[in-house]
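Trainee: I am new to this structure. Please take one part of it and walk me through it closely.

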Amino acid sequence: MPVVDHHGSASVPSGTEAATGRVSAAVAGTDRGAVDASPGSPLVYIANTAAALTPEAASRLEKWELQSISRLLLSRERIRHCCLSRISREKNVGVYHSLSHSSTHYGGLQTCGSVWHCPVCAARVAERRRDLLTRAMAAATDLGGGPVLVSYTFSHKRSDTLSGSLDGFLDAQRAMVGNRPYKRLMAKFGVVGSVKALEVTWGRSNGWHPHAHVIMFAPAETDPAALEEGLYRAWAPAAGRRGLTMTRERGVKVQSTFGKVAEYVAKWGHAPARRLWGAEDELTKSHSKRAHRDDQAGSGYSPFDLLRWLNDTGESQAAALFREYAMTFKGRRQLTWSQGLAALLGVAADAEKTDEEVATELADDAVLLATLTPGQWRAVRFTNQRGQLLEVARSGDVVALRAFVDHLVSVATSAIGYAV
């Protein structure tokens, strides 16, 4: 069953980039099996002739592994079919290649669009949201603005439930922004609007830690220290009336957003290799950041770190914590724009898109590199090679992709005793 090739007008690079990955014991059976890695097999040939596995490639492969773990934990949620089941029995699966984004992705598959539950959808949505925020910040700069990054937090303890802490935190946030002193403060500093994102971590010592990052669009000459003092005076009493406490040092932090947010990136030990981690990343990718393995007890686990913990150890605590997080954050918005800001900055159309819409969007220059028949897609699923196939496709080399798929079909057919 050959791959049906579709060549676009855009040129694609030559050569092959591929990677192999192990199937975690924690998700054994989810996508059933692993490919033949014996010497001389086509898969090993592809892998051995490729460039060394880069940190970016390892991260891309890991998200598929983590998605499989999340699917097991959340078997009643939409993630159970995400990037696994076809949209319909009559539809084939497309493999798309984007030159501008240097990326590959599937078409014709169901997607969950959940930035909270799904590492695969989270990566796609976060990248698009990051681009959106970059455009918004550029527009603000053109208007004479100087965006600042504001972080809000409060004290917490191990016995606090996530739902209780988050509800109290969000109630306090709503109360703060709705009161007159806060509005007067925004007017005083010339803040024209903001974009807020939620983040949560879990630590062995102090439990769940919900907090928020906000990009405020203010004049370029804004004094971060003065703004921070004013925000603390507004945030502390609003939080206190809902039973939340904080210290002056940790309750509110205001930073310039130009350049990397060095302290925060160092804490988590994971930043994009090709550019600095900026405010747009804080808002859109915070839930997927990786903590230092040796420092997680002190710095906390991000939600997807909980999946890594489960993958590494099989400990039931990690599974219970991730389920608690997933149910608490289900259905919440990743980004909240203040009224009128997106229109002011010329990005309203994209800001209004749902996560589900963003997760299924194709890049403007996406080329349909190949179409997989139902039997070929069953072979990809059977051998648990969804991520690896996209790595092979990243080069745009249709011949290598065809060889890879043919090998997966052969492996699957041999394993089950009849043609897939």
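**Two packed helices, then the salt bridges**

Mentor: Start with a pair of helices. Helix H4 (residues 162–178) packs against helix H6 (residues 224–240) at an angle of about 130°, and their axes are 8 Å apart. Keep in mind that this is a predicted model. Two packed helices are described by the angle between their axes and the distance between the axes. What does the angle tell us about how H4 and H6 lie to each other? Angles over 145 degrees count as roughly antiparallel, and 65 to 115 as roughly perpendicular; the rest, outside the roughly parallel range, are oblique. H4 and H6 are therefore oblique to each other. Their crossing is right-handed.

Now turn to the charged side chains. How many salt bridges does the structure hold? There are 17. Take three of them.

Begin in helix H3, residues 119–142. Here Arg130 forms a salt bridge with Glu127. The closest N and O atoms of this pair are 3.1 Å apart. Both residues lie in H3, three residues apart, which is about one turn of the helix. Are the two partners buried or exposed? Buried means under 20% relative accessible area. Arg130 has 12%, so Arg130 counts as buried. Glu127 has 28%, so Glu127 counts as partly exposed.

Helix H11 (residues 303–313) holds another pair, Asp305 and Arg308. They too are three residues apart, about one turn of the helix. Asp305 forms a salt bridge with Arg308, and the closest N and O atoms are 3.2 Å apart. Asp305 is buried, because its relative accessible area is 0%. Arg308 has 7% relative accessibility, so Arg308 counts as buried.

The third bridge joins Asp350 and Arg135, with the closest N and O atoms 2.9 Å apart. This pair links distant parts of the chain. Asp350 sits in helix H14 (residues 348–351), Arg135 in helix H3, and 215 residues separate them. Asp350 is partly exposed, with a relative accessible area of 22%. Arg135 is partly exposed, with a relative accessible area of 39%. Which residues share a network of salt bridges with this pair? Arg128, Lys353 and Glu361 are linked with Arg135 and Asp350 in a network.

Next, look at the surface. Leu143, Val192 and Leu344 make a nonpolar surface patch of about 300 Å². Where is Leu143? Leu143 is in the loop between helix H3 and strand E4 (148–152). Its relative accessible area is 61%. Exposed means over 50%, so Leu143 is exposed.

Val192, one of the patch residues, leads on to Gln339. The C-alpha atoms of Gln339 and Val192 are separated by 9.8 Å. Along the chain these residues are 147 residues apart. Gln339 is in the loop between strand E8 (335–337) and helix H13 (341–344). Gln339 is exposed, because its relative accessible area is 82%.

Finish with a covered helix. Helix H17 (residues 386–393) is mostly covered, and eight of its eight residues are buried. Charged residues are on the list: Arg386 and Glu391 are among the buried residues of H17. The list also includes Gly387, Gln388, Leu389, Leu390, Val392 and Ala393.

How values were computed. Residues are numbered from 1 along each chain as its sequence is written. This is a predicted model: local features need pLDDT of at least 70, side-chain atom pairs count only at pLDDT 80 or more; totals for chains, interfaces and linings use all residues. Side-chain values use heavy atoms; hydrogens and water are left out. Patches are made of residues with over 30% relative accessible area and no salt bridge: like charges are joined within 9 Å, nonpolar side chains (Val, Leu, Ile, Met, Phe, Trp, Tyr) within 5 Å. Accessible areas come from the Shrake-Rupley method with a 1.4 Å probe; for residues, only the protein chains shown count as cover. A salt bridge is a side-chain nitrogen of Lys or Arg within 4 Å of a carboxyl oxygen of Asp or Glu. Helices (H or I, at least four residues) and strands (E, at least two) are DSSP runs, numbered from the N terminus. Buried means under 20% relative accessible area, exposed over 50%, partly exposed in between (1.4 Å probe, protein chains only). Axes are lines fitted to C-alpha atoms, for helices over the stretch in contact, and angles run from 0 to 180 degrees between N-to-C directions. Angles under 35 degrees count as roughly parallel, over 145 as roughly antiparallel, 65 to 115 as roughly perpendicular and the rest as oblique. A crossing is left-handed if the near helix is turned anticlockwise from the far one by less than a right angle, and right-handed if clockwise.
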